[in-house]
Amino acid sequence: MSVTFTEMPDAIASDLFPNPWLDLVCDGYELPFRDRAIAHLILFDVFHHLEKPALFLREARRVLAPGGLALVWEFGPTGHPVLDAWNAAVVSRGVRGPRLRSSDTLRRLATEAGFPFTRYANLRPFLVPPIPRASILIGRPPEGFDSTRL
């Protein structure tokens, strides 16, 4: 049995470029949602495309509802220049100037964009050979939540 995004309740599959499996084509820098309207965002292999990640993160914070979370799962750097160049070439075909960012970098960018809640998600690599993954969980606390408890 297979399930597509359109068969999932309250899920919207989106991208910048049209594909038959998408529900919405939109620009991540200008999301077509009201302020605080989205409960959760799942961002799978998005950040290596972004030239302005801070702008996207501010937009994600705008649309996330109080108590909303965003899971970011991205290709990560290895720290080895040759392997990073290989991974960038393999996983980023068609991407102009791919950028591999670490979980530390993603957390810093999220904090700078105003997210008070940022955690490492520690998701595992995949593919053969394994390509490292950077992953974080970020969110907007519920209304009235004491953010000093984070």
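1. In this predicted model, Phe115 is a useful place to begin, for when its neighbours within four places in sequence are left aside, Phe115 is in contact with Leu57, Ala60, Arg61, Leu64, Ala110, Ile138, Gly139 and Arg140. Phe115 is also listed among the residues with the most contacts inside the largest nonpolar core, together with Leu41, Phe47, Phe56, Leu57 and Ile138.

2. That core, the largest nonpolar one, has 22 residues, and the elements that give two or more residues to it are strand E3 (38–44), H1, E4, H3 and E6. Of the contributors, H1 gives the most, with four residues. As general background, nonpolar side chains tend to be buried together in soluble globular proteins.

3. Helix H3, which spans residues 103–112, has Ser103, Leu106, Leu109 and Ala110 as its buried residues. These lie on the same side of H3, because the arc they cover around the axis is only 125 degrees. The cover over the buried residues of H3 includes helix H1 (53–63) and strand E4 (64–75), as well as strand E5 (117–120) and strand E6 (133–139). Ala110 is thus named twice in this note, as a buried residue of H3 and as one of the contacts of Phe115.

4. Just after H3, the backbone at Gly114 deserves a look in the viewer, since a positive phi of about 100 degrees is found there.

5. On the surface, Leu83, Trp86 and Val90 form a nonpolar patch, and the accessible area of these residues together is about 280 Å². Val90 is placed in helix H2, which runs over residues 81–91. Val90 counts as partly exposed because its relative accessibility is 34%, a value that falls between the limits of 20% for buried and 50% for exposed.

6. Turning to the chain as a whole, the protein chain contains three helices and six strands, and from the N terminus on its elements follow the order β-β-β-α-β-α-α-β-β. Among contacts in the protein chain with a separation of 6 or more, 66% are accounted for by residues 24 or more positions apart.

7. As for burial and surface, the protein chain has 150 residues, of which 33% count as buried. Its accessible surface comes to about 9,400 Å², and carbon and sulfur atoms hold 58% of that area.

Methods: Residues numbered from 1 in each chain as written. Predicted model: local features only at pLDDT ≥ 70, side-chain atom pairs only at ≥ 80, totals over all residues. Heavy atoms only, no water. Patch = residues over 30% accessible without salt bridge, like charges linked within 9 Å, V, L, I, M, F, W, Y side chains within 5 Å. Areas by Shrake-Rupley, 256 points an atom, 1.4 Å probe, with all protein chains shown as cover. Salt bridge = Lys/Arg side-chain N within 4 Å of Asp/Glu carboxyl O. Buried < 20%, exposed > 50% of the residue type's maximum accessible area, 1.4 Å probe, protein only. Arc of directions from axis to C-beta. Contact = heavy atoms within 4.5 Å. Core = buried A, V, L, I, M, F, W, Y, C linked by side-chain atoms within 4.5 Å.
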